[in-house]
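This briefing presents a protein model in a few lead sentences, followed by points grouped by topic. Please keep the sequence and the model in view while reading.

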Amino acid sequence: MPLMKYYIGLDVHSTTSTFAVVDENGQCVLRETVKTSEQSLVHVINKINGERHMTLEESSISQWLYIHLKDKVDRLLICNPTYIAKKQGAKTDFRDALHLAQELRTNHLQPVFHDTSHWMELRTSVSGYLDIVEEIVRFKNRLKALFRAEAINTDENSFYKNNLRVKELKNPSAKFVAEKLFNQIEFLESEKEKYKKLFDKNRKKYRPIRNLMTIPGISIIRANIIAALVCQPARFNNKHKFWGYCMLVRHLEESGGRIYGNKRFFGRRELRNVFIGAAENAMRLDGELRDKYESQRAKGIDHKDAKLNLAKQIAAIALCLLKNNDKYNENYGEHLKERKKLRLEFYNQTL
């Protein structure tokens with residue numbers, strides 16, 4: 001006799017977590033709020049006798065929960081909160097958990113990838129690096145705004161490293177703030193260099209990162225970001241799925257035979273920035289990728305679209321290298337065609 005299926009919705013907070021469990025018919029059979037700790041969560045899960053399917057929203061602690069709970073249930077789905085259907089009525093932890101359980105039962109949730117490999121550890125360091133870069137950009141914008149407010153030119157390349165420029169400001173308060181911003185930028189830049197040293201160690205440690213760096217335009221930082229965010233390349237069935245994840249393609253919004261516009265797929269904007277930046281670098285280097293960009297421009301494709309197409313091509317190459325543990329070369333396209341031909345010949349011989 002098959003086991004009864006139960007669907008567990010878990011609304012997680014840093015201090016408490018609320019369970020709502022429904023059976024196959026959608027009837028709530030258990031509700032409980034416990035302290036957010038491994039022991040307390042597992043204790044509630046063990047009360048459920050049957051096939052256990054569990055879901056919770058993606059959050060800052062979802063990776064920790066995934067590691068500790070994935071072996072305690074038959075299926076654990078970390079869902080994307082962006083795609084959860086909105087519900088009416090007052091918001092409570094129990095109602096949120098119950099809604100998650102019902103959405104899981106009806107298979108309406110969009111999963112977010114989680115893993116237990118070392119690549120997820122690399123994600124943490126990459127996330128820290130990207131946060132520092134974002135803060136540096138924010139401080140630099142604030143600093144430039146102070147000078148622009150007094151019509152002082154800030155176009156030279158060495159502006160952010162020359163804290164003597166503070167003397168040009170007339171406003172005493174602006175001078176004080178600018179001095180602090182220069183110091184903050186200098187400190188954050190020194191911290192960013194520490195991340196670069198860590199990424200260099202990763203290059204020596206992980207072959208996929210070294211392979212990615214053979215692609216023109218992919219630096220050591222970009223290679224670390226790609227490897228960390230992709231984790232398991234096999235989860236992308238083809239390059240089109242990967243382009244969507246990298247936010248390099250858009251889909252049409254259509255209804256009643258009319259097109260209302262287009263919209264990007266939900267994915268990782270960090271990867272979009274990486275591949276667009278790689279395309280900009282590759283356009284300046286001699287080689288096959290630059291030739292393909294120029295051939296598109298010769299066909300009348302504008303710069304923006306040609307650059308995007310080149311970014312998509314670099315993304316497809318990166319995915320292929322990760323899947324096949326290969327290195328890039330100028331004849332990589334021909335290499336793939338030849339290998340595909342050999343595989344088909346081998347397959348036909350085995351029939």
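Helices and strands are DSSP runs numbered from the N terminus; a helix (H or I) has at least four residues and a strand (E) at least two. In these terms, asparagine 80 lies in the loop that connects β5 and α3. The model is a predicted one. The points below begin with a sheet of five strands, continue with the helix α3 (residues 93-105), and then turn to individual residues and to a pair of helices.

**The sheet as a whole**

- Five strands make up an open sheet with mixed pairing, and their order across the sheet is β3-β2-β1-β4-β5.
- At the edges stand β3 (28-35) and β5 (75-79), each of which has a pairing on one side only.
- On average, and with direction ignored, neighbouring strands of this sheet are turned by 20° against each other.
- Helix α1 (residues 38-45) packs on the sheet and touches β1 (5-12), β2, β3 and β4 (51-57). The direction of α1 makes an angle of about 165° with that of β3.

**Strand pairings, following the order of the sheet**

- Strand β2 (residues 16-22) and β3 run antiparallel and are joined by seven bridges. In this pairing, serine 17 is opposite valine 34 of β3.
- β1 and β2 also run antiparallel, with six bridges between them. Glycine 9 is opposite alanine 20 of β2.
- Three residues separate β1 from β2 in the hairpin that the two strands form.
- On the other side, β1 is paired with β4 in the parallel sense, through six bridges. Here leucine 10 is opposite leucine 56 of β4.
- β4 and β5 are likewise parallel, and five bridges link them. Histidine 53 has arginine 75, in β5, as its bridge partner.

**Burial of the strands**

- How enclosed is β1 by the rest of the structure? Of its eight residues, seven are buried, so β1 is largely enclosed.
- The edge strand β5 is mostly covered, with four of its five residues buried.

**Helix α3 and its surroundings**

- Does the length of α3 agree with its number of residues, or disagree? With 13 residues at 1.5 Å a residue, the helix should span 18 Å; because its end C-alpha atoms are 19 Å apart, the two values agree.
- The buried residues of α3 are Phe94, Asp96, Ala97, His99, Leu100, Ala101, Glu103 and Leu104.
- These buried residues pack against β1, β2, β3, β4 and β5.
- Just after the helix, asparagine 107 adopts a positive phi of about 60°.

**Aspartate 93, in helix α3**

- Aspartate 93 belongs to α3. Its relative accessibility is 30%, and therefore it counts as partly exposed.
- Apart from neighbours within four places in sequence, aspartate 93 is in contact with Asp11, His13 and Thr18.
- The side chains of aspartate 93 and histidine 13 are joined by a polar contact of 3.2 Å.
- From C-alpha to C-alpha, aspartate 93 is 17 Å from serine 40, and 53 residues separate the two in sequence.

**Serine 17, in strand β2**

- Serine 17 is placed in β2. Is serine 17 buried or exposed? Because its relative accessibility is 0%, serine 17 counts as buried.
- Its side chain makes a polar contact of 2.8 Å with the side chain of threonine 36.
- Neighbours within four places in sequence aside, the contacts of serine 17 are Leu10, Asp11, Val12, Glu32, Thr33, Val34, Thr36 and Leu41.

**Asparagine 80, in the loop between β5 and α3**

- Asparagine 80 has a relative accessibility of 8%; as buried means under 20%, this loop residue counts as buried.
- When residues up to four places away in sequence are not counted, asparagine 80 touches Gln110, Val112 and Phe266.

**Helices α7 and α9**

- The axes of α7 (residues 220-230) and α9 (residues 269-282) come within 10 Å of each other and cross at roughly 145°.
- This crossing of α7 and α9 is left-handed.
- Which residues of the two helices meet? Arg222, Ile225, Ile226 and Leu229 of α7 meet Glu270, Leu271, Val274, Phe275, Gly277, Ala278 and Asn281 of α9.

Note on methods: Residues numbered from 1 in each chain as written. Predicted model: local features only at pLDDT ≥ 70, side-chain atom pairs only at ≥ 80, totals over all residues. Heavy atoms only, no water. Pairing = 2+ DSSP bridges. Axes fitted to C-alpha atoms, helices over the stretch in contact; angles between N-to-C directions. Contact = heavy atoms within 4.5 Å. Expected span 1.5 Å × (residues − 1). Buried < 20%, exposed > 50% of the residue type's maximum accessible area, 1.4 Å probe, protein only. Polar contact = N/O pair within 3.5 Å; in protein donor to acceptor, adjacent residues only side chain to side chain. Left-handed = near helix turned anticlockwise from the far one by under 90°.
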